[in-house]
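Please open the structure in your viewer and keep the sequence beside it, so that each selection can be followed in both.

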Amino acid sequence: MNIIDELEWRGAINQQTDAEGLYKLVDQKSISLYCGIDPTGDSMHIGHLIPFMILKRFQLAGHHPVILIGGGTGAIGDPSGRTTERVLQTAEQVKHNADSLTAQMKKLFGEDGSFTMMNNYDWLSKISLLDFLRDYGKLFNINTMLAKDVVASRMETGISFTEFSYQILQSIDYKMLYEKCGVQLQIGGADQWGNITNGIELIRKTNETHEAFGLTIPLMLKADGTKFGKTAGGAVWLDPKKTSPYEFYQFWFNQDDRDVVKYLKYFTFLTKEEIDTLDKEVQAHPENRTAQKRLAEEVTRFVHGEAGLAQALKVTAALFSGDIAELTGEEIEGAFRNTKGGEVAFAPVNIVDALVEAGVEKSKRQAREDITNGAVRVNGMQIKDTEASISAHPNTNGRFIIIRKGKKNYFSIAVKE
């Protein structure tokens, strides 16, 4: 199957600059293609992952991905999707973020030489102001630049020349990669269409022979119309220190039946036959959540590896059974990072006092009733004695008491001292 056919089936194509030409090109030979990311943070979240999933599919189909870290453009700031000016970062912060993103990319794309990492700081930092204005600024029409959606959307609130010039810098990136690495395709989100077409136009103006293409990916929305990728706890990060493998797994496991097949197509490398089978399972037995489980397993394995998936499954099983005694401190902190629960001044502390002080119970009377009825577990152990003293989970260095009330309600109580 032509890679474009697969992307169409997976619903992963929004716009193409020359659909027929690109189809023929990838059918005839292996190409180099690129996607960029600015180091505005030290980790990607799953929203960033979307275009790189497409890049990975091209890699698996025998093409050569080039991943561009925006060490230069990251110092400027892409105005796409913003209503206000971005706060500029220090050079040290940009470099730290770039190094962190590079490590994440190597984890996703491998270290076998089947892809290339580049940083646009390597060429953008060498262009003088006069060269920029003479060699590039002269080739961009201000009226065309103002008409781009990303700029037009900022005209009422205002946009600095710094962010306005971003589209020229990204165009230079495509030109450099086209000439240095033979890159013929740029991939990006739907909001990158203007930047991509600018780059193709710059290549056309500065190269006698030119065969460059652009492809954008649809905006990912959930069935209820809200933006994909956000949770009550905030963004879902690829860095396990920001979003634990357990939290990451649970995000995918908790997807709506109406979305799960779409996400299987987009975020996994399962075949059409496998996904069609899971689709039928969703229709026949949605209560089993078979498709969600497979989705969670596949994406967690892709991002965190087999070890990360094993950890996620271990924590999931422990929380379901209530047997959390053997969880490590790291696993506990990751599992209960966004779990409701207050704090107590010290521990050991009387169980009734702790439950009321931390807000687990509204009154001492209710606390005693729940305890004597066996509804309360502390660090995995059922306690029925209202006079018992409780301490932090032994694997948390005295930091957290984990309460389970009933079958599903967990509370993480922080210990001040």
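A residue is called buried when its relative accessible area is under 20%, and this cut-off will be needed at the first stop. Keep in mind throughout that the model is predicted.

Begin by selecting residues 46-60, which form helix α3. This helix has 15 residues and reaches 20 Å from its first C-alpha to its last, close to the 21 Å expected at 1.5 Å a residue. If you look along α3 towards F52, you will find a bend of about 30 degrees at that residue. Is the helix enclosed or open to its surroundings? Twelve of the 15 residues of α3 are buried, so the helix is largely enclosed by the rest of the structure. Among these buried residues are I46, I50, F52 and M53, and also K56 and R57. Just after the helix, select G62, which follows α3 and has a positive phi, near 100 degrees.

Next, colour F58, W252 and F267, which are the residues with the most contacts inside the largest nonpolar core, a set of 60 residues. This core draws at least three residues from each of domain 1 (3-217) and domain 2 (230-321). Staying with F267, and leaving aside its neighbours within four places in sequence, you can show its contacts with I46, I50, M53 and R57, as well as with M220, F228, W252 and V299. Of these partners, I46, I50, M53 and R57 are buried residues of α3.

Apart from the largest core lies another one, of 25 residues, and selecting Y34, V66, V150 and V183 will show you some of its members.

Now move to strand β2, residues 32-37, where S32 has its place. Is S32 buried or exposed? With a relative accessibility of 14%, S32 counts as buried. Leaving aside neighbours within four places in sequence, S32 is in contact with H64 and with C181, G182, V183, Q184 and L185; V183 also belongs to the core of 25 residues.

For the last stop, display the open sheet of five strands, whose order is β9-β15-β14-β11-β12 and whose pairing is mixed. The strands β9 (343-344) and β12 (381-382) stand at the edges, each with a single partner strand, so one side of each is left without a neighbour in the sheet. Finally, select β14 (residues 400-405) together with β15 (residues 409-415), two strands that run antiparallel and are joined by six bridges. Here F400 stands opposite A414 in β15.

How values were computed
Residues numbered from 1 in each chain as written. Predicted model: local features only at pLDDT ≥ 70, side-chain atom pairs only at ≥ 80, totals over all residues. Heavy atoms only, no water. Helix = DSSP H or I, 4+ residues; strand = E, 2+ residues; numbered from the N terminus. Buried < 20%, exposed > 50% of the residue type's maximum accessible area, 1.4 Å probe, protein only. Contact = heavy atoms within 4.5 Å. Core = buried A, V, L, I, M, F, W, Y, C linked by side-chain atoms within 4.5 Å. Domains from an automatic or database assignment. Expected span 1.5 Å × (residues − 1). Bend = angle between axes of the 7 residues up to and from the residue. Pairing = 2+ DSSP bridges.
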